[in-house]
Amino acid sequence: MIEWNEQQRMIQGMVRDFVQKEVVPHLDDIEYNGVPPYDILRKMIKTFGMDVMAKQNFDKQIAREKAIAAGEQVEDKKKDGPSAGAGEQAAMTMIPIIELCRHCQGLVTAMGVSMGLGGGAIMSKGTTEQKERWALPLLTMEKIGAWAISEPNSGSDAFGQMKTLAKRDGQGGYIINGSKTWITNGPYADTIILICKLDEEGVSPQDRKIVSFILDKGMPGLEQSKPFKKMGIGASPTGELFLSDVKVGVDRLLGGSEDSYGRSGAKATFMQERAGVAAMALGMVERALELSVQYAKDRSQFGRPIGQNQLIQLKLAKMEVARMNLQNMVFRYLETVASGKLMTMAEASAMKLYAAQTAMEVSTEAVQIHGGYGYMRESRVEQLMRDAKILQIYAGTDEMQIIAIARDLLSRD
Ligand SMILES: Cc1cc2nc3c(=O)[nH]c(=O)nc-3n(C[C@H](O)[C@H](O)[C@H](O)COP(=O)(O)OP(=O)(O)OC[C@H]3O[C@@H](n4cnc5c(N)ncnc54)[C@H](O)[C@@H]3O)c2cc1C
């Protein structure tokens, strides 16, 4: 794949029009004035039939699971190789990410965490009953989801220092205590995937099992904070969760067993997040480059456009190299999905590391090209720069990606 096909270009144009009409006029409200982003996202999902598509896929998966449970013969999806349209579907997910990120990366973060991490965790690890009870409204954004692993003392070392504990209550349920922080959608989430440790007598803290629960807003003992004030992605509300003797039945234990989520469940989520970051960075870099080229033509100093100076040309040329690299990475990811293959953790980490650093470098240079105007909110390049910084921090910091890549390289024979 070297470029979008005709149909994809048509969808790209339609999404771009939508963003121009429905997002850009509300940017200040969702970025700076505390207006939650969810109504805009719901409108986009409905406009492009993403809710209908999500429901069709959901119904198919549930029907399949029920047929398997009833002992019926169903086709082995893996045996047939890549499922028809897997690449197409992935492209249809990437296009809105890229287009939204050209103007408002926060919208993608809020949407991705709700649908992809919240809904995705239930669809990949939940029981059929849990999927039917909680997943669909998250996949259509009718309800808002959060995925909570980070704690005040456990970020990069998510499992090592985790203090939130679930204790068996002796009646088949659990009591959860602890807190989570920097949780995307935390302040507004209707459904929360909470990752914690199982407090078992005789098991040392480092050997505790990782378990995950599905919580609902308003459960006794669960408190959701107000949104934090942040450097960027104002359109993605971030907050804290406090859990004080939250009582849950086994019906809320993700996967229905203490062994169904574990460390591998959380790691699968990390991988999914990492692949999405390249598309986010591509949208941001495309926009930073467009604005910079325009400014380099329009702005004159010393009697000629600043774009006539080689120092400015070098910046623009490097931005174009970065844009091409990111686009190639996104297309490679789509080809990988289309061929039914999975990326390794090292590949996903390498992609995330490059994408995050590149978005930061390009957006910083875009501010530089815009000079004083670049420091002004009105220029929008300063927003791209502040928003880019988060790509180097969440979904695993740059340093954690480097460790993941190096570990993989060094473990090969
Ligand atoms: C806006 C935002 C949204 C977020 N959304 C969510 C969410 O929805 N759900 C969720 O669970 N979490 C979320 N997070 C949390 C995020 O995943 C963590 O902030 C991130 O994993 C880093 O953890 P930390 O902040 O504790 O940094 P730390 O782990 O304390 O790291 C601090 C610095 O030390 C470096 N460092 C740490 N260990 C090493 C090492 N071994 N070698 C070298 N360097 C190291 C790090 O790379 C970093 O530079 C979000 C954070 C932000 C800011």
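The expected span of a helix is 1.5 Å times one less than its number of residues; helices (H or I, at least four residues) and strands (E, at least two) are DSSP runs, numbered from the N terminus. Residue numbers start at 1 along each chain as its sequence is written. The model is predicted: local features need pLDDT of at least 70 and side-chain atom pairs count only at pLDDT 80 or more, while totals for chains, interfaces and linings use all residues.

**Exercise 1.** Compare the reach of helix α4 with its expected span.

*Solution.* Start with the bounds: α4 covers residues 50-69, which is 20 residues. From first C-alpha to last, α4 reaches 28 Å, close to the 28 Å expected. Then step past the end: G71, just after α4, has a positive phi of about 80 degrees.

**Exercise 2.** Work out where the ligand lies relative to domain 2 and domain 3.

*Solution.* First, list the neighbours (C-beta, placed from the backbone, within 6 Å): there are 19, and G155, S156, T184, T397 and E399 come nearest. Next, β1 (145-148), β3 (174-184) and α12 (398-411) each give two or more residues, with β3 giving the largest share, three. Finally, domain 2 (147-263) and domain 3 (264-411) both contribute to the shell, so the ligand lies between them. Those domain bounds come from an automatic or database assignment.

**Exercise 3.** Describe how domain 1 (6-144) meets domain 3.

*Solution.* Take the centres over C-alpha atoms: they are 23 Å apart. Now the contact (C-beta atoms, placed from the backbone, within 7 Å): 25 residues come from domain 1 and 22 from domain 3. On the domain 1 side, α5 (86-101) and α6 (105-125) each supply at least two residues.

Methods. Two residues are in contact if their C-beta atoms, placed from the backbone, lie within 7 Å.
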